[in-house]
Amino acid sequence: MAKVKSAFFCSNCGYESAKWLGKCPSCGTWNTFVEEVISKPSVKKENGWDDYHEETKSIRTIALHSITSTEQIRITTSDAELNRVLGGGIVPGSIVLIAGEPGIGKSTLFLQNGLQLQNKTVLYISGEESEQQIKMRADRLNIQNDNFYLLTETVTQTIFQEIKKLKPHLVIVDSIQTIQSPYIDSSPGSISQIRESAAEFQRFAKETNTPVFLIGHITKDGSIAGPKILEHMVDTVLQFEGDRHYAYRILRTIKNRFGSTSELGIYEMTGAGMRVVSNPSEILMTPKEDRLSGIAIAATIEGMRPLLIEVQALVTQSVYGTPQRTVSGFDLRRLQLLLAVLEKKGGFHFGVKDVFLNIAGGLKVEDPSIDLAVLCALLSSYEDVPLPPHVCFAGEVGLSGEVRAVHRVEQRIQEAEKLGFEKIIVSRYGQKSIAKHTGNIEVVPMGRVEEVYQYLF
């Protein structure tokens, strides 16, 4: 018989303690410890993944210089956006965690990608849906694949027995919070169960060189459900996000051991699955026949991709004692900083105005290079004067009112020129980058916020 004992786990970071603690020593949060019953087998595990390849295991020390560096041979999917965020394709033996809100389209996206891998054997393990539900979604996607297999099971012991018989080239687990190991007595979704189940899939992926996708849940505050160690165990962490009121979804890289961590892919949710958006700048800017005040176009960069996004601002007279500051897709503190710069350097009385700011398309942008576009949209709404047509902006605004240079300005200029813009206002302090450009678009260098106001208004 196994010796059973209970332990206390921090629900925020997964720290384990033999007794209950008020404050977690690891992450510093209060009242997050929960008791879980865990089982420690006194005998050797049977039918665990370790036993399938026990005879092939060998422990040996290798000198670093004796290891030859080889290029990773990746599995290239037909989804260009997924290839982008993974760093060029699926790496054999990698374990990838994908998290997102319920109903955002995680299962649809990876069911679609699994069905599109026609020449690979794909196993889709579902612990949440029945075969009929998955079949209904596959019929909606209208993709035929004879090498795609389903398994509706939650016990790891049974899952690995089926994997041993099928020998798939790719495994998709939906979701890791529903999987349970028979060696842990706690319920599925608990910290110890998630950690043990993920560890078993990690051993399987590394020993068989089979890539594994783990679909995960998120908590109400937006973090990935389960212990923080789950993100450390996997090779890549992807965040699938978007506003359910918009059709567009963003697949963002948070961690990637095989590529850049600043990439993102954009999809459009349709009735026939996820459609790849190859030119996102066109969908993020709404075409307008009439010139409207309070709208500016910013040239930003997400990962390696330049994007042109629409910044919308509304400045109205405040009817309350305290003016409102409401933002969507932008940092509220950054907006307050820009308003303070306009108050100090331009003499604009925003202290008696309500300010509303929105990034069109449901995007959340953290790039400081859109500061100049936000500032010009605010001034346009304040003066109720539309900005000149076919003008976009790329610049960071400093506390003293200077327009600071931004990185990779050449790519921003090229993207603006490709979409038909005639002028782009940038910082004068990036003259070396500006001098290299020889295109049809006019590059207007500016050094101060006051100069930008005089030029536009």
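Helix H9, residues 332-346, lies across S15 and strand S16 (353-359), and its direction makes about 125 degrees with that of S15. The model that shows this arrangement is predicted, with a mean pLDDT of 86 for the protein chain and 91% of its residues at 70 or more. Over residues 42-47, however, the pLDDT is below 50, and this stretch has 14 contacts in the model beyond near neighbours in sequence.

**The seven-stranded sheet**

The strands that H9 lies across, S15 and S16, belong to an open sheet of seven strands, whose order is S15-S16-S14-S13-S17-S20-S21 and whose pairing is mixed. Strand S15 (325-328) and strand S21 (442-446) are the edge strands, each of them pairing on one side only. On average, and with direction ignored, neighbouring strands of this sheet are turned by 25 degrees against each other.

Within this sheet, three pairings can be set side by side, each with one residue pair that stands opposite across the strands.

| Strand pair | Bridges and direction | Opposite residues |
|---|---|---|
| S13 (295-302) and S17 (391-393) | two bridges, parallel | Ile297 and Cys392 |
| S13 and S14 (305-317) | eight bridges, antiparallel | Ile295 and Gln312 |
| S14 and S16 | seven bridges, antiparallel | Gln317 and Lys353 |

Strand S13 thus has a parallel partner in S17 and an antiparallel partner in S14. Between S13 and S14 there are two residues, and the two strands form a hairpin in whose turn Gly303 has a positive phi of about 70 degrees. Strand S14 in turn runs antiparallel to S16, and the pair formed by Gln317 and Lys353 belongs to that pairing. As a general point on such strands, side chains in a regular strand alternate between the two faces of the sheet.

**The nine-stranded sheet**

A further open sheet has nine strands in the order S6-S5-S7-S8-S4-S9-S10-S11-S12, again with mixed pairing. Strand S6 (148-151) and strand S12 (273-276) stand at its edges with a single partner strand each, so one side of each is left without a neighbour in the sheet. Here, too, the average turn between neighbouring strands is 25 degrees, direction ignored.

Inside this sheet, strand S7 (residues 170-174) and strand S8 (residues 212-216) run parallel and are joined by four bridges, with Val171 opposite Val212 in S8. Helix H5, residues 156-166, packs on the sheet and touches S5, S6 and S7, its direction making about 165 degrees with that of S5. Helix H3 (residues 106-116) lies across strands that include strand S4 (95-100), strand S5 (122-126), S7, S8 and strand S9 (236-241), and runs at about 165 degrees to S8.

**Backbone geometry in the loops**

Most residues other than glycine have a negative phi, and most peptide bonds are trans. Against that background, three places in the loops deserve attention. A cis peptide bond, with omega of about 0 degrees, joins Asp174 and Ser175, and Ser175 is found in the loop between S7 and helix H6 (191-208). Asn209, which is not a glycine, has a positive phi of about 60 degrees, and its place is in the loop between H6 and S8. Arg408 is likewise not a glycine and has a positive phi of about 50 degrees; this residue is found in the loop between strand S19 (403-404) and helix H11 (409-418).

**Internal cavities**

Rolling a probe the size of a water molecule over the atoms shows where empty space is left. The structure holds three cavities of 30 Å³ or more, and in the largest cavity lies about 80 Å³ of space. Among the residues that line the largest cavity are Gly242, Asp243, Tyr246, Tyr248, Arg249, Ile250, Ile283 and Leu284, together with Gly361, Gly362 and Leu363. By class, this lining has seven nonpolar, three polar and two charged residues.

Strand S10 (248-256) and helix H8 (280-284) each supply at least two residues of the lining of the largest cavity, and S10 gives the most, with three residues. Strand S10 is also a member of the nine-stranded sheet, and helix H3 lies across this strand as well.

Definitions and conventions:
Residues numbered from 1 in each chain as written. Heavy atoms only, no water. pLDDT = per-residue confidence, 0-100. Contact = heavy atoms within 4.5 Å. Pairing = 2+ DSSP bridges. Axes fitted to C-alpha atoms, helices over the stretch in contact; angles between N-to-C directions. 1 Å grid on protein atoms, 1.4 Å probe; cavity = no way out; pocket = protein on both sides within 12 Å on 5 of 7 lines; lining within 4 Å. Points joined across faces, edges and corners; volume = space filled by probe spheres on them. Nonpolar A, V, L, I, M, F, W, Y, C, P; charged D, E, K, R; others polar.
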